[in-house]
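Biologist: Could you take me through one part of this model up close? I'd like to hear about the charged and nonpolar side chains on and under the surface of the longer-numbered chain, with a word on its partner.

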Amino acid sequence: MPKRETEIKFLTEWKEVLTGSFMALACLGLFISFPSKGVAEDLSRLFFFLLVIPALYIKLILKKSFGDFGLTFRVARESLLWLGGMLVSSFLIVYLLIRFTSFKDGYILPDYVLVNFWWFLVYELAFVNFWLFIHESFYRGFIFFTLAEKFGFLAIPVATSFFVIFLLLTKAFSWTMAPYVIISLTGGWLAYKTRSFVYSYLMGLSFIIILDAYLIYISKQI
Amino acid sequence: MRMKKKRAVIPLASLIALSLALPVRPAQALFGGGGGMKFSYPSPTQASNEVMGDLGVDKGELMNSVDVMNVARQKKMAPQVVLSFSPANPVDGERVTVSATPTYFMNSDPKNLYFTWYLQRGQCVPDGESWDQIDMPITGSNAACNLDGDDSITVNDYKIAAARIIANGGWAWNRTHALGPDDSLPYTVGETDETGLGDGFEAPMGGSDQKGKNEAGNPDMPAYCYVHDWVSGNEYELDWCEHLFPEDGNIPGELGDGEFHMEEEQYWHTDPTNQDTAGIGRPDEANALGLGINEFSWTYQTGDRVGVAIEGISMESTIHDDSSYKTMWALPKNTCDLGEFLGEWDYKNGTTTLCLTEAGEVPYVEGEDCAPFSEETDTAYINNPSPPAAPPGGITDTDTTIPSDGSSGPTNWADTSTIRVEGTSPIAGGETMGLSSYLLPTFSVSRDTGAVAHPDNSIIYGNTTTVTKLVTEDVTMIEAQLTANVCTTTETTTTVTDVLGYQIGDATTETEGPVCEEAEANVFDMSKESLNACLVDNLMTPSDVQQDGSKIKLSLYSTPQSPMNDPKNIGEIESTADTLVVTASAQNVNDENFLRYDWEVYGGDSDSIVTDDWGEPFAKEMLIDSTQTSGIGVKSLKFKLAFADEPKYLKVQVVATEYEAGTTNRVLRKGNESTIIRLSSASDTITAYNGVLSDDGVSLAFGNAASLEAANVICANSAEPELKEDYVLCPVVKDQIIGLKYAGAATSFLWTINNQPVTYKECFFEGCDLEEQTASTFFPILDEPGSIYTVTLSAVDSVTGEKINLTRSFKVVTPLVKIVTLDDSGGAQPVFLGTYTSLDGTTTYADMSQTDFQTVPGSTANFTREFYPRSLPAEYLDPDNPEKTKTAWFVDGTDPTIPETEKPPGYTPATVDPDKTSVSFATTRLEGEYHLVAFNTLYAPSTNIKKILNANWDINYDQFYEKQLGASIDVEMVPALTTANSNNSPPKKVLAAMISGLPAYINFLFRIVMTSLLLLFGIWIVLSLFPSPITNETEPR
């Protein structure tokens, strides 16, 4: 096979991975660097760079279905089992963190959710839900499924690495973000096994809510 | 016989001798001789004068008194009435009350007078008719006004209309259903006279207090009625004496007869079951005839007129031999033409010669030289081609027919007259008189050429005959017999002239008379109908009476009191031009908000006030920042006083117009008012100074040897924006002493600070006068920061009298210091932060940091300090300390002025100038590193200033203000200085300008969408560059 043809074949087979990676990096870069001021602009920035642009890229540029990128939900027993398994795994990891690290002290929740159940629900179902959905759709849906075609399950740590690296770059890495790192791993495996980031999103949301509830519970016991 | 003669001569001679022997004084005294040597022939007049002179009677005054007595009869005051309306300016549908105030009646109480009101509704006067017509024709539209049912509308109908309103008093006379169970329909029950309620009223002549006058069955108490002629002052007795009450036409009875039966009740709309339907305390009949009704109210409609005839007795008695006084009527306008009722002559005692103004008519015109009573001019013409026989020549008056061509002959012959000709044209040269010119079909003749000639067969007309008649009559009044001898003499003078006005022959005069006949004196034949007719002339509308209401009363108020005109610096904050506000206040208008106002402003000087000649008003464009000058509700005018020609006075005039409702553009009334405003001149100024110690060290001055006056001026006017602000509101610091000096023509002054006059018990400053204030003053700043001092100077120019008001304002601030670079370029420069744009968007200024500077490594930085306010006096900085030890610069924490041995290792060498106003150092730091520069000093009044403050304003020594001032900056080492990008041009890109104006979030969304699209477009381009999958096109499918 001539070298030229080899290059063409490589570029042909890897172009989606390459352009997808470039898009992911570009979106994350813009998400970090795009100047914004205030909550509305911050949320808009998150919404555009981590959700809208990847979606437009998939539909307009790649002309593919969102289902190819994990936006699908088929209730299957195996998928539910994996969901439960990963949820338990996530709790095990966080238990270890609570048990052996200062995670419990470093994990910060807003004051208002500690004192009022309804504000707790608002916080979990509005803010956490919104953030987690975008987070899952970008890291699991866009990055993971872009890479998974070529890298298989190895795409899980790669996607997680994207997340962690950007947390580090933005100096946002803290115990508060630890549960999201955990579900980045467990959710990645769940998405790999179920071919859907919706499962990982549901698992992550359940995990965060239960974890927050538990931490609030134990904080009031002290 | 001889003896008899002798005896007669002896006494005569003795008398003569005696006369010559006796002193002459008695005769002179009696006959007015004077001088002892000179005799005058005495006349009775002289004798009379001498006698009255001896009695002390001033003949001139006596004559005046006689003159007054001669006409006193005509000067007496007859009964009068004055009407007033409320409201003065009624509108349609409004309830109007008219009040009558009678005077000069003898009756003890006005309530005893008969007020015969009459109301002419506007609708009663058809189009094309006049309201003062005696008989108003009945047309379809005014048929309702014919209340008495006759064939015309007269004053009686107006009386009935008013009487019904008065007597009815609002009672529902025409209702068709009962009001409640106890009510009956009107006029179905009740007859007051029969039931004994007694609502009739018998009205004696001259008022209700004249019982018995002219009443039936009492012939011994007749009443005598008179009318007053307001022109001549005469009063005439009427040959009848009856009330002027409204007459009820065909129903039985009349008002004032004491009976008021059912038909009358119904006619006058009164309640038959109530003796006082109107509820005013009198019987119905008395109300209907107007007894004591001095007020009348009705619902006004446009065109309504009202009048009243008040019957009562006059202050003057009659000439009849009884106790009677004159029964008279007062009318609102005192208008009644009695001329036609005066009979054949106007009586006047004695005999005089009177000239007739009209044959057989009165009044006569008295005068010695009677004017021609009549002149008659006849026009004749000749058609005889032959010249008339001479003498006298000219024309005759035998031909009196006017030619049939329709032209009238000339009536006023002049030296050169135009004579019309008919027929063929005249033949030039063949005429005996010659023609100066001719123009068909006319030709002109010259008067000095002789007699008129004319061509054959032509007709010349215009020849005149003038006849003048003079008629005189001698009238002799024989008062005792009330008769007069009237002797008439008639003179007729005939003068004949030709066409050119030449008199032909002598005038002839014929005299007839005198023809005398005896006439009855004092005949006055005015009927009741005629007097009633006069009532119509006395109808009034509210606007006739209310002179005040016919014009809008306007008042003008202006502020400020002594406004300043300043044509300079219009629109700038330092402009001293006042904004004048003139406000109009209108009275007696229906709705002030709907008044139209038209304002005009004039400028002038004192001559304009004297002559009231203000020239043309200022155009609207010349009234800077003016509000509207015309329109509805524009009750105030506001404009800036910035007139370039600097008038000394302004005249502001306003015209207010009120329009009548319901009619387009119909002016109801107008009003105008003006006010004159004296302007102050902006050329006069107050200059502010830092008050400094004078060279004597104990008083204040505007300058001294160390600091000249010009250097101490603070807050002067300037073109720079910041300095302009200081000029308008001068920043000053506590304990600072401010000097103020006036420059201008004024000579008398009053300084006030916050409205408190400036006073001082002794002179302690330059230009002081202990007796009165001068053009200079000083005052200390004693209030805390944030306070405002408003200093006002009221001054008068004693020469011109011009008043001047000037004001300067000062704001107490906390003193500050900042460090600024001394380097114009290079060295250290402040960091450019951005730009800011002036409010009008025209100018862009660089915004430079005051704390962050930058310079390149190795350069030399020079700094100085700058104080705020700029006017901070230097002697207040670190005072009483020649070494200035409390003032220091620091470079990187080290004071460069301390000994080298005390400086820390690695300090930055720097140089401070001797008076510690600046510092200079060579930068030693590397790129990205900083130098720190700081400055400290002390603000406090000096000891001498403290002494002055203590001595003159009682400031205790423990109350003085001291403040440590300090500032510090960073100087960053940069590879290159960034300069301010002071792009002063406005944005040129429309889209950019539009986007920049959008709300921030929209702007953000726009940017993020554009970024997203750009990213997607970029990745699409990249993807398109990737190769397509390799396909073997030859491979069969």
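Modeller: Here's a walk through chain B's salt bridges, surface patches and backbone oddities, and then over to chain A. Bear in mind throughout that this is a predicted model.

Let's start with the charge pairs. Searching the whole structure turns up 16 salt bridges over all chains. A good one to look at first is B:Lys651 with B:Asp612, where the closest N and O atoms are 3.2 Å apart. The two partners are 39 residues apart and link distant parts of the chain: B:Lys651 sits in strand E24 (residues 649-659), while B:Asp612 is in the loop between helix H11 (606-611) and strand E22 (630-632). Their surroundings are worth a look too. B:Lys651 has a relative accessible area of 10%, so it counts as buried. B:Asp612 has 49% relative accessibility, so this residue counts as partly exposed; the bar for exposed is over 50%.

Now scroll further along chain B to B:Arg925, which makes a salt bridge with B:Asp892, again with 3.2 Å between the closest N and O atoms. This pair also links distant parts of the chain, 33 residues apart. Both ends are in loops: B:Arg925 between strand E44 (918-922) and strand E45 (930-939), and B:Asp892 between E42 and strand E43 (910-912). The arginine, B:Arg925, is partly exposed, with a relative accessible area of 25%.

B:Lys903 and B:Glu900 have side chains that meet in a salt bridge at 2.9 Å, N to O. B:Lys903 comes out as buried because its relative accessible area is 10%, and buried means under 20%. Elsewhere in chain B, B:Glu235, B:Glu316 and B:Lys326 are tied into a network of salt bridges.

Then there are charges that gather without a salt bridge. On the surface, B:Asp239, B:Asp337, B:Glu340 and B:Asp525 form a patch of negative charge. If you want one to zoom in on, try B:Glu340, in the loop between strand E8 (325-330) and strand E9 (350-355). With 62% relative accessibility, B:Glu340 is an exposed residue.

The surface has a nonpolar patch as well. B:Met77, B:Tyr104, B:Met106, B:Trp230, B:Met315 and B:Tyr325 make it up, with about 520 Å² of accessible area together. One of them, B:Met315, belongs to strand E7 (residues 305-317) and is partly exposed at 45% relative accessible area.

For a contrast with that methionine, go to B:Tyr597 in strand E21 (residues 596-604). Its relative accessibility is 0%, so B:Tyr597 is buried. The C-alpha atoms of B:Tyr597 and B:Lys670 are 9.8 Å apart, with their positions 73 residues apart along the chain.

On to the backbone. Chain B has a cis peptide bond from B:Ser86 to B:Pro87, with omega near 0°, and B:Pro87 falls in the loop between strand E1 (80-86) and strand E2 (95-103). Another cis bond joins B:Tyr868 and B:Pro869, with omega about 0°; here the proline, B:Pro869, is in the loop between strand E41 (860-868) and strand E42 (888-891). Also check B:Asp954, a residue other than glycine with a positive phi, near 60°. You'll find B:Asp954 in the loop between helix H13 (943-953) and strand E46 (963-973), and it is exposed at 53% relative accessible area.

Chain A has a residue of that kind as well: A:Lys63, not a glycine, has a positive phi near 55°. A:Lys63 lies in the loop between H2 and H3 and is exposed, with a relative accessible area of 63%.

As for chain A overall, it has nine helices and zero strands, and 45% of its 222 residues count as buried. The largest nonpolar core contains 74 residues, and those with the most contacts inside it include A:Met23, A:Tyr57, A:Phe103 and A:Phe207. Several chain A helices, including H1 (3-33), H2 (39-61) and H9 (197-221), supply at least two residues each, and so does helix H15 (1000-1025) of chain B. H6 of chain A gives the most to this core, with 13 residues. As a general background point, nonpolar side chains tend to be buried together in soluble globular proteins.

Methods. Residues are numbered from 1 along each chain as its sequence is written. Chains are lettered from A and ligands numbered from 1 in the order in which they are written. This is a predicted model: local features need pLDDT of at least 70, side-chain atom pairs count only at pLDDT 80 or more; totals for chains, interfaces and linings use all residues. Side-chain values use heavy atoms; hydrogens and water are left out. Patches are made of residues with over 30% relative accessible area and no salt bridge: like charges are joined within 9 Å, nonpolar side chains (Val, Leu, Ile, Met, Phe, Trp, Tyr) within 5 Å. Accessible areas come from the Shrake-Rupley method with a 1.4 Å probe; for residues, only the protein chains shown count as cover. A salt bridge is a side-chain nitrogen of Lys or Arg within 4 Å of a carboxyl oxygen of Asp or Glu. Lys and Arg count as positive and Asp and Glu as negative; His and the chain ends are not counted. The place of a charge is taken as NZ of Lys, CZ of Arg, CG of Asp or CD of Glu. Helices (H or I, at least four residues) and strands (E, at least two) are DSSP runs, numbered from the N terminus. Buried means under 20% relative accessible area, exposed over 50%, partly exposed in between (1.4 Å probe, protein chains only). A nonpolar core is a set of buried Ala, Val, Leu, Ile, Met, Phe, Trp, Tyr and Cys residues joined through side-chain atoms within 4.5 Å.
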